[in-house]
Structure formats: structure tokens, C-alpha cells
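Got your viewer open? Let's take a short walk through some charged side chains, one stop at a time.

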Amino acid sequence: MTLAIVLAAGTPAAGLTTSTGELLTERLAAQLRRAGADEVRFAGDLDELAALVDAAAGPLLITGADLVAHTAVLRHLATSPVGPTVALVLTDPPVPGRTAVREERGQVVDAGPLEALDGDATGVFGGALRVGVDDLPTLAAAARAAASGVLPIGAVGDVSPLPAAGGAGHGVPSSAVDRLVAGLAALGTLIFAQRVRLLVAHRVTDASGLAAAEAAVTAVDEDRAELRLSVKEKDDFFSTYFVSTWSPYVVRLSARLRLTPTGVTAISVLFALAAAVLFGVGGRPALVGGAVLLYLGFVLDCVDGQLARYTRHFSAWGGWLDTMADRAKEYLVYAGLGFGVSHAGLGNGWALAIAAMTLQTVRHMTDTWYGVLHDEAARRPRAAAGASGGIGDRLNAASTRVQADTGSVSYWLKRTVVFPIGERWALIAVTVALFNPLVSLIAVLVWGVLAFAYTGALRTLRARWMWVPVLDTVDATLHRDDGPLARRLPVVRPMGPLTLAVLAALGPAVLLIVALLGDASGGLRWAVPVALLVLLAGGLGAGAAHNGPLDWLVPAALRAAEYLFAIAVGVVGDVPGWLIFGYVFVLTVHHYDLTARLEKRQAAPPLHAATLGWEGRSVLLALAAIAGMAGIGLATLGAYLLVLFVVSVVLAWFVRPARSARALVAPVSAGGAAPR
């Protein structure tokens, strides 16, 4: 249940009458109901609001009484999927007595009087915010502190005396809702920014401002703007110019056909699967047809997200499914290309497909943790993030300038050189249609390696400059995917977890190279234990503090180590390429599932303990290789992990939610006991 509160304290516009003859506060209440609020209450001051917050059991929508906006603006705020607590941010000129904000990567990292932001303000608070359930105690504390004429400065109970409300001349927010959001930010709450694009939202102070804002709202077609807003504001080059120019028409058609984003995702998977089959079949008509289907599948891959934004149908299940489907589609296409290369006698296509899948997965793991690192750095004071200058500082400043220069050549080069998914699918479609699957896989690998080297070098320099540990803020053993063996190994602290993780990848890498270059790979069976011992060195850092400036690379290094070891075992055991690909594919599904949950601060997947950890799985494969049963080991362990994954998905997304729903609606008898 979502409760909306209109906070009128300190707002001269509270008594204004709209062009339709109703009070502005009454119109806001009606808009909040249409935006999804189950109940709307009015609060005369911050103490009254704090009491309402104490009694709330669900998320809150809070607005000042001076907001004039499209209903869609409030609906977008209420349904925003970026985080539990979201604030409306406007680009209007700063006004004395209003709260200014500074954003980085979509987060409000500072909020307060304009003078306090030292010219770093990127916008102004729009007078409306949504607060998640977990942040309600902090919201109540901020409301009570602001009501007392002070603003909190760090932890609940710590306050800084400031001039009383109404002292706009001293740079203090005069509106209660402005003081509230400033206090919430001061308490360290993670607040995401909801920008207004194409639609209209303004805060007004008098009748003339109200009339101007109403005219601006009337001048914009709300539905047409929402359709345009379904397209990402900043997307990659191929998506922007070859997909999003016409995908909104597909979005509108999908909405009229009552298709869900999940349904569109399923159709896109079928298109990608059909393209993979055609790539495997070979022949010019099949390759061209596969390229067309791949392009259309990517269009639908964009449409599912656009449809979710247009209809405001967001869910944790849909987000997880979209992430998993994207990776599954891409790797199925690699499989089709690999089979096509081998089938046409052009070379070892499965080896290329395995290399492409491994490279892309390790890249994604570094992308995930660098994003977490950057977000954490943005939330910390700049001095703590490493404001000592140097090459990292210059790179950070240069990157910010390029990102701000939207549409320039340097902007598009920066977004394209990193080889995003749109460019990958476009490259595959063009090269396979004009040439063959071999050229396509080689092109993907070459561009992928160059992109990995480019991003890796720049991110390493910037990370050393920021010096912000992130793995020490979470359960590192879970993110590392450690099993029971790694947790029991002794800790070698002087070398550091990253050095040990990189060392762990070297043994399997050497074994794989020797096996690929050697003629009699079966004779290397007894080298597998040596590679395993080197691999297990990665477990010696499991219990160490992951607080180095580059320790965010540890999960990716361990993924690379495990994949290389599994591939080496397969090559040494003379296992068919398709079986090695299948096993690594299952591993990537397991790791993407883990990462997709953990980066959203969700619990680990059900049955995660039964997956044995990277070191446990590697030990089992080593035993199978020594026994001369590498193929059986890969097939059995892969099937086991796949079954665990399917059961975990059913438990996490269907069984457990259904049980929770039944527990919430279970009727209770008058005596307080549920009927039998």
C-alpha cells in the first residue's frame, strides 16, 4: 500500500486556486491517486508528517503544495525502478529558500542551500519524493530534526543548529519539504534522482506562476511524450540511430495488443534462437536470414524495456529475466556461429565461441563492479575519494567532459569503443551476412579484446585515484562465489586477494596453452593437479580484507580462473568442443544469476550453498580428469548445476513469493488463530 502525503508547511502556494476552480492541493491529491497512491493525507507541519511516517507500513509519496506537473511525472516518480528512495529533480533556476542538489551517476550525492554546494549544483529539488520502506525511520528522524529548526549532519541524533525556517536570506530552505529532503540526504540516505524530460513540472509561488505552469502543462501531449520517454535518454550509437528511431511504434502496437514486457522478452529469445540455428545451417540465404532475425531480435530486446517504461510495468522478476535473457541470447548466437564454423570446415568454431563467451562474461563482471565502485565514490566526500590530482583525476575530468558533450564525435567514440551489446549484435549481423561465421567470431573477439584492454587500463588508473574499497562493504565470500573449501583455507594477507586471484588464473592458463599447442593432450592428465594447486591459491585470500583500490577486480579474476581451468580440463581430456561450451555456458548462467541479485542488494539465490563454490567445482573436475573421465565430469557437473539453477529460479520467483502472499492474506479468526 502506497500512502501519499501533501506537505503544505512553508509553502505560499498552498492556498492558490487553479484555472478549474479547485485548490492546488486538491488537484495534487487527485493526481497522486491517479499516479498510484492508495491513500492521500495532508500534513500541516513536519511533526505531523513524522507521525504519519511512524505509522506507515509501505512506501511513501511526499509532495509540497506548490507543484504543478503532469500526472505522468508523479506516476514516474511512484514507479521508478532505479531505487527505493527517489527525488524529483528539476533544471529550473535556483530560487532562494529552495534546496539545490548535486547528482553523480543518477544519485543525489549532496543537497542543501545553493550557497552550501559551492557552485556544484546540477539541479534543484522538485518538491516531491518517494521514500522506500527501509528509509522510513531515517525520514521520520529528518522530519523531527528539521521541525526543531536544525538539520541532521550524519547519524540519527546528530544535528547542526541552523537559522529557523523562513530564514531564506540565510540560505536555509523555507519550505518544509525542502528542509525534509536536505535532512534526509544529510543522514546519508541513498537518494536517486528522477529527472523531468519532455513533460512539465514546476514549483510555483503565486497566481501568475501558477497560470504560466498550467499553460506549459497544457501545451504538451502527455501520452505522446510518454511514448518518447520510453526510449533511453542516453543509449549506444547503434541503438540510438538504427533501433530507437522506429521502435516506439512497436512499443505502441505492443501496448495495444496487451503484450507484457516479459512476453516481448520471450519473443526476442525465439528470434535469437532462430538466428543461431540459421547461422549453424550455413549457406548465404540462411546467413542473411539469420542476420535479419538477429537484428529484429535486438529491436525486440530494446522494445521490452521501452514497453516497461511506457506502461510503467516494472518488477524484480522482469528485470532479472531481461538480464538473464540478454546473456542467454548472445551466447546461443555464439554457439550457432561456432557450430557453423565447424560444420563448414572453416576451423575450430567451438574454440572461438568458448573464447568469445568467456571474454564477454569476464568483461561483464568487471563492468558490474566498476559501476559499484563509481557509485560508492560518488556518495563519499570528494576529499575521501582521492582529490589529490594526478592522471586519475585528469582522466575523470576528461570523461565527465566527454559525457556532457552529448552527440559529439568524441561522445559517440567513447560509447562505441567499449563494444556495447548493440554494436556486438550489429557487428555479428553484418559480418555473418557479408562473409561467414568465422569472420564474425574473429571480429567479435578482436574488438572485444581491444575494448577490454581500453576500459581495463583507464578504469585501473581511475580506480587507483578514487581509492574506494567496495568489496569490504558486502559479503566478499558470496560475491567471490567461494565454497566451503576456500573458506577453510589459511589466509595469506601480505599478497592481497587480487594478487592471489590473478595467480590462480595463471596455472589453468598455462595448462590450457600447453594442451592446445601439444599433440598428445591426454599425456597432460597428471599436470591437472599442479594447475589445480595453483588455482586454489585464489582461496588463500578469501578471508583477507578486500579493501585495496583494485580489489573490485577479484570476482572477475576468479571467474576467469574457473573458466580457464574447466576449458583446460576439457582440452586435456579430449572432450568435444560443444560439451565444453555447454559447461561454461551453465557456469556463466550461475554467475550472472548471482551477480544480478547481489548488485541489487538481494539475497543469494536459493540452494547457492549446494553449488559448491568455484574451488569445489574445480576439484571435482580435476578428479574426473585424473580418472580419465573429463567428459563425464563436465556433463554430470553441468547437468547438476543446471538443475540447481532451475530449482532456485522456481523457489525464488514463484514458490517463496506465493507462500509469502498466502501468509499475508490468510484469514484470522476472532480468537487470533488461523482457521484449520
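Start by selecting Asp66, Arg98, Asp178 and Arg203: salt bridges link these residues in a network. Keep in mind that this is a predicted model.

Now zoom in on one pair from that group. Aspartate 178 and arginine 203 meet through their side chains in a salt bridge, 2.8 Å from N to O. Show the ribbon as well: aspartate 178 sits in helix H5 (residues 176-186) and arginine 203 in strand S12 (residues 201-203), so this pair ties together parts 25 residues apart in sequence. Are these two buried or exposed? Aspartate 178 is buried, at 0% relative accessibility, and arginine 203 counts as buried too, at 10%.

Next, select glutamate 226 and arginine 75. They form a salt bridge whose closest N and O atoms are 2.8 Å apart. Here distant parts of the chain are linked: glutamate 226 belongs to helix H7 (residues 222-229), arginine 75 to helix H3 (residues 71-79), and they are 151 residues apart. Try a surface view: glutamate 226 is buried, with a relative accessible area of 8%, while arginine 75 is partly exposed at 22%.

For the last stop, pick arginine 415 and aspartate 236, whose side chains meet in a salt bridge at 3.4 Å, N to O. Arginine 415 is in helix H15 (residues 409-417) and aspartate 236 is in the loop between H7 and helix H8 (237-242), so parts 179 residues apart in sequence are tied together. Arginine 415 is buried at 17% relative accessible area, and aspartate 236 is buried at 13%.

Want to keep exploring? A search of the whole structure finds 21 salt bridges.

Terms used
Residues numbered from 1 in each chain as written. Predicted model: local features only at pLDDT ≥ 70, side-chain atom pairs only at ≥ 80, totals over all residues. Heavy atoms only, no water. Salt bridge = Lys/Arg side-chain N within 4 Å of Asp/Glu carboxyl O. Helix = DSSP H or I, 4+ residues; strand = E, 2+ residues; numbered from the N terminus. Buried < 20%, exposed > 50% of the residue type's maximum accessible area, 1.4 Å probe, protein only.
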